[in-house]
Amino acid sequence: MRSLTFSVLLALPIAVAFGGGKEPIAAGPQYDPDKVVTVTAIVTDVREVPKGDPLEGINLTVKVNGETIRAYVAPVAFVKLFSVTFKKNDVLEITGSKVRFEGSDLILTRELTRFQTDMILRDQSGRPFWLKSDIPTGD
């Protein structure tokens with residue numbers, strides 16, 4: 001019991017020093033490999049969501065078979081690595097996990113094709129490639 005108490009007391013200052021005492025960031029949606037869809041979508045809106053939001057980065061509003069859905073692409077700096085920009089009326093093929101978030105459907109994009117450019121954003125389990133330590137994120 002003594003070592004457990006010591007470990008907790010030692011860890012507390014470390015947690016506070018690395019953000020444990022800050023306001024928690026709102027929990028974001030979770031990628032579910034069992035809910036993967038592939039859709040052809042038409043972009044109706046492009047938004048750059050600021051840092052601090054669970055969906056920080058490029059967010060698209062798209063039409064899929066007449067239904068409006070939001071698609072989260074990736075952080076801005078990571079998308080820039082592909083030299084791709086999005087605009088209204090772009091036709092995309094999106095593969096990702098379709099989940100419910102804040103009361104509406106959201107696709108957490110794993111792969112995206114725009115014209116002849118393929119963007120691979122996550123691995124098969126949904127882990128974002130921008131979290132890999134050797135990829136610049138603009139921070």
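Select S125 first, in the segment after β6 of this predicted model. With a relative accessible area of 47%, S125 is partly exposed, because that value falls between the limits of 20% for buried and 50% for exposed. Show its side chain together with that of D123, and a polar contact of 2.7 Å appears between the two side chains.

Keep S125 on screen and add P33, which is 92 residues away in sequence although the two C-alpha atoms are 5.8 Å apart in space. Leaving aside residues up to four places away in sequence, S125 touches Y31 and P33.

Y31 leads to the next stop, since R110 touches Y31 as well, and the contacts of R110 also include D123, the residue whose side chain meets that of S125. Select R110, then, in strand β5, which covers residues 104–114. Is R110 buried or exposed? Its relative accessible area is 9%, so R110 counts as buried. To display what surrounds R110, select Y31, V36, T95, G96, M119, I120, L121, R122, D123 and Q124, which are its contacts once residues up to four places away in sequence are set aside.

From R110, follow strand β5 to the loops on either side. In the loop between β4 (91–101) and β5, select E102, whose phi is positive, at about 50°, although E102 is not a glycine. E102 is exposed, because its relative accessibility is 65%. In the loop between β5 and β6, select F115, another residue that is not a glycine and yet has a positive phi, here about 55°. F115 counts as exposed too, with a relative accessibility of 57%. A backbone display with the torsion angles labelled would suit both stops.

Now turn to the aromatic rings, of which 3 pairs are counted in this model. Select Y72 and W130, an edge-to-face pair with 6.1 Å from centre to centre and 80° between the planes. Where in the chain do Y72 and W130 lie? Y72 is in strand β3 (residues 67–74), while W130 belongs to the segment after β6 (117–120), so placed that the pair links distant parts of the chain, 58 residues apart. Both rings belong to buried residues: Y72 has a relative accessible area of 5%, and W130 has a relative accessible area of 10%. Extend the selection to F78 and F82, which together with Y72 and W130 form one aromatic cluster.

Finally, clear the selections and colour the protein chain by secondary structure, which brings up 2 helices and 6 strands. Read from the N terminus, these elements follow the order α-β-β-β-α-β-β-β. Colouring by accessibility instead shows buried residues, which make up 32% of the 139 residues in the chain. The accessible surface of the protein chain comes to about 8,900 Å², and carbon and sulfur atoms account for 55% of that surface. If a contact map is at hand, consider the contacts between residues at least 6 apart in sequence: 52% of these join residues at least 24 apart. The Y72 and W130 pair, with its 58 residues of separation, and the approach of S125 to P33, with 92, are two places to return to with that map open.

Key. Residues numbered from 1 in each chain as written. Predicted model: local features only at pLDDT ≥ 70, side-chain atom pairs only at ≥ 80, totals over all residues. Heavy atoms only, no water. Helix = DSSP H or I, 4+ residues; strand = E, 2+ residues; numbered from the N terminus. Buried < 20%, exposed > 50% of the residue type's maximum accessible area, 1.4 Å probe, protein only. Contact = heavy atoms within 4.5 Å. Areas by Shrake-Rupley, 256 points an atom, 1.4 Å probe, with all protein chains shown as cover. Phe/Tyr/Trp six-rings, centres within 6.5 Å; stacked < 30°, edge-to-face > 60°. Polar contact = N/O pair within 3.5 Å; in protein donor to acceptor, adjacent residues only side chain to side chain.
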